[in-house]
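Work through the exercises below with the model open beside you. Try each task before you read its solution.

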Amino acid sequence: MNIFKSLLGKVWQDPNAAEVVKIEMGQLYLVRPGNIRSSRECIYNEAIATIRRVPALEHNFQLVITRVYEDGDQELLEDEDETDEERVFLISEELEFRSGVTDDEPTFIWRDLDGDVDELYEFVASGTNEPTRVFFETCMYRAMYERKYKASADNTKDSALDQFIWQPVVKARGKGGNRKAPKNQQDSGDLSSGLQDSVDDSTAQPQVMPTKPASPAVRVSFASSSLPTVTSEEGQLFFWNLEAEGFVAEREGVVVAKIVERTPGDFNYWFIVTDKDGDIVSHKISSDMNPRWAPKTSSLTWNYSNHGRYDSWALQLTSPEAYNAFKTAFAQCLWETLHGIAFRKAKPDEQAYVISSTTEDVEMRDVEDEVDDEEEVESELDPDEEASEEEEEDEEDDSPPQLQGERNSQLTIGYKGDRSYVVRGNNIGVFSHSRDDQVKYYATISKISTPKGKEFKPREVMLHDQDTKMVLMNPSDPHSLFSMDIERGKVVEEWKIHEDISVDHMAPDNKFAQTTREQTLVGASHNALFRVDPRISGNKMVESQYKQYVSKNKFSGVATTASGKLAVASEKGDIRLFDTIGKNAKTALPPLGDPILGIDVTASGRWIVATTKTYLLLIDTLIGEGRYAGNLGFDRSFPANAKPMPRRLQLRSEHVAYMNHDISFSVARFNQGEGQEENAIVTATGQYVIAWDFAKVKKGQLDKYEIKKYEDMVVQDNFKFGDDKQIIVALQNNVLAINKKNLKRPTRVSLAAPMSSLRSRSSIVDSPY
């Protein structure tokens, strides 16, 4: 390496030189060893590899692979919303960088920190001579040295760089045994080097930057030293730097993380991080913190609202034992905060259920390890077809004016007639699904009113009887349902349910009943379930299929399977599974404490997704052991010692920091269609539509989600019936359709950039009613 000393002195010591070294020609590949997909995918057919300094962050460098366009290619991409012009990698020993040879061409290989554990990037440096290859490799090792030691590599001996030369390891037995720990990380004691994997090893990783930025305001609300301490552990504290796009050390050295009870006996717990100078962080424990746990790196990440800014923090505990102890104490204190009672009063199986809900990275039962992702790969390679080259003609002359002061409030998707219906005040907008997979304004059903002529704003609506009717709930008359003839655009019947029983929620008789002539439906009050049959005289509640349960159940949502079994959620956070109306629940899953806003279930009944304000709760209802192993929780009760392990689907804390608003999910839905397997979950928060890849979620990759940002707040979204690609989105003032492939991986650009695809009226219809 000494032969490069003079050359290094010229390019390395010049702080004004943004680029250290460049290889002008090559190809970039993504390599997936042992994957069912193509094991070697070409990302850039022509590319440049550059080692670049990170602006304003001393001793940090990036490996940048830039795509080179052929003549004419650039013009073809000008109209796209996003272009994939370069890939940027923070240079650190976590990349496990190494060189090699492929087809007699020199190559550089490094880990894909955004992918699965065995995925690699490979840059084939076509035509590069040996001295250039060695010089590039030396610069990579010097960059790793400076990042690790936060010092210049100018006077470094060649032997000091040997520690960064990657050495292959023998594959260990067992899951995950083929990952090589970065050299010297295991015995260095440097926690920051491992935080790169702190959120979820299976997803995009935050880049850890060692240089501390301007510190956020210290959150000192009270001195914690005099308060009763529930638990206390040592660790390191990090803060997400929006500009550097990575976690930075908030304090040098070890800090003490503890949970204190501010008001003894009042279940008022606070999460405190302190050092010798006093409290650094003082945050009240609540679900709004968006806490996420990562056992692989013994770390916790969370958000904090700080005067309109949503900060992202990370705490890395010193050992797995400290991590487990702190996580358990945190979960118990959060549960007590939500319930207002001591955790020890919960039953042992309920305690285990609560603690298990904080566990990450656990693969679900009975799920195939290999998933055919060919469509996903194809969609990534296809150009974005969302924007049309030609704008539609202005149709404002044919559209009634918008209602002043009213906004869209609900969305329901048609099952038979290719229609979507959006509630706006006491009007309902009807939208057609066009052949080019867009939505177009079709008609307005104006001034919704009872048969007696009293106008009302529907609180909840549901399509019925092959989309010929719509059942509406009137907030002024909770003891009745109202049937609207869609063709006539008029409420034609009032269905009186019962003088003393209100209808707070409703659901179809079964998952696909709305595609048939089925007349009955399911109703729920705050503490009762019943069947509604509009064909009977008098009150429409079927007396023989009515069951009132313990008072104050506070039912908050009902969903049915294809065979008519029921999942019922409550504001208290519990979930009950019924095989039929009128009986006791076969399974009662204890509440975590957060109110459930809505619930959905797959057609088979195997999976349930329940929506809370800050996370989705995914539950596998398959009984895995005991006498009734293989049955679902709708048919048999889970053994007390083998309740399902609920999984939280959450947004990563650094993504929330870029979004810069609190999380408030709309009711999440599976895609659905007769004979179609569910493969996605869609929800929304603020201006963002969010979709989880259900196949990856079932394999334990809980934050494999994609996002699309809009100019307006999203009210509700759902998949078009029978289609797992098209998502219908109701904004406060617009209605549109989007193909799932046009959702993007969450990045700083996709989360914070303004949406450009609304430039064309071909992809959006103004709500003209």
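The exercises cover salt bridges, two buried polar residues and two sets of strands in this predicted model.

**Exercise 1. Find the partner of Lys148 in a salt bridge, and place both residues in the chain.**

Solution.
- Step 1: Apply the cut-off, a Lys or Arg side-chain nitrogen within 4 Å of an Asp or Glu carboxyl oxygen. By this rule the model has 35 salt bridges.
- Step 2: Look around Lys148. The partner is Glu93, with the closest N and O atoms 3.8 Å apart.
- Step 3: Place the pair. Lys148 sits in helix H3 (residues 130-149), while Glu93 sits in the loop between strand S4 (86-90) and strand S5 (98-102). The two are 55 residues apart, so this bridge links distant parts of the chain.
- Step 4: Check burial. Both Lys148 and Glu93 are buried.

**Exercise 2. Which residue does Arg292 pair with in a salt bridge, and where does that partner lie?**

Solution.
- Step 1: Arg292 bridges to Asp703; their closest N and O atoms are 3.3 Å apart.
- Step 2: Arg292 belongs to strand S13 (residues 292-294). Asp703 is in the loop between helix H10 (694-698) and strand S39 (705-709). The separation is 411 residues.
- Step 3: Arg292 is buried, and Asp703 is buried too.

**Exercise 3. Lys469 and Asp465 form a salt bridge. Classify each as buried, partly exposed or exposed.**

Solution.
- Step 1: The closest N and O atoms of Lys469 and Asp465 are 3.6 Å apart.
- Step 2: Recall the limits: buried is under 20% relative accessible area, and exposed is over 50%.
- Step 3: Lys469 has 22% relative accessibility, so it counts as partly exposed. Asp465 has 5%, so it counts as buried.
- Step 4: Now look for shared partners. Salt bridges of this kind join Arg292, Arg652, Glu654 and Asp703 into one network.

**Exercise 4. Describe the settings of Ser92 and Glu122.**

Solution.
- Step 1: Ser92 lies in the loop between S4 and S5. Its relative accessible area is 3%, so Ser92 is buried.
- Step 2: The Ser92 side chain makes a polar contact of 2.7 Å with the side chain of Glu94.
- Step 3: Glu122 is part of strand S7 (residues 120-124). Its relative accessible area is 6%, so Glu122 is buried as well.
- Step 4: The side chains of Glu122 and Arg40 share a polar contact of 2.9 Å. Leaving out residues up to four places away in sequence, Glu122 touches residues including Arg40, Tyr29, Thr102 and Phe108.

**Exercise 5. How do S11 and S12 pair, and how many residues of S12 are buried?**

Solution.
- Step 1: Strand S11 (residues 268-275) and S12 run antiparallel, joined by 6 bridges.
- Step 2: They form a hairpin with 2 residues between them. Asp275 has Gly278 of S12 as its bridge partner.
- Step 3: In strand S12 (residues 278-284), 5 of the 7 residues are buried, so the strand is largely enclosed by the rest of the structure.

**Exercise 6. In what order do the strands S16 to S19 form their sheet, and which stand at the edges?**

Solution.
- Step 1: The 4 strands make an open, antiparallel sheet in the order S16-S17-S18-S19.
- Step 2: Strand S16 (408-413) and strand S19 (439-445) are at the edges. Each has a single partner strand, so one side of each lacks a neighbour in the sheet.
- Step 3: From one strand to the next, the twist averages 25°.
- Step 4: Strand S18 (residues 427-433) pairs with S19 over 6 bridges. Ile428 stands opposite Ile445 in S19.

Terms used:
Residues are numbered from 1 along each chain as its sequence is written. This is a predicted model: local features need pLDDT of at least 70, side-chain atom pairs count only at pLDDT 80 or more; totals for chains, interfaces and linings use all residues. Side-chain values use heavy atoms; hydrogens and water are left out. Buried means under 20% relative accessible area, exposed over 50%, partly exposed in between (1.4 Å probe, protein chains only). A polar contact is a pair of N or O atoms within 3.5 Å; within protein, one must be able to donate a hydrogen and the other to accept it, and residues adjacent in sequence count only if both atoms are side-chain atoms. Contact means heavy atoms within 4.5 Å. Two strands pair if DSSP finds at least two bridges between them. Axes are lines fitted to C-alpha atoms, for helices over the stretch in contact, and angles run from 0 to 180 degrees between N-to-C directions.
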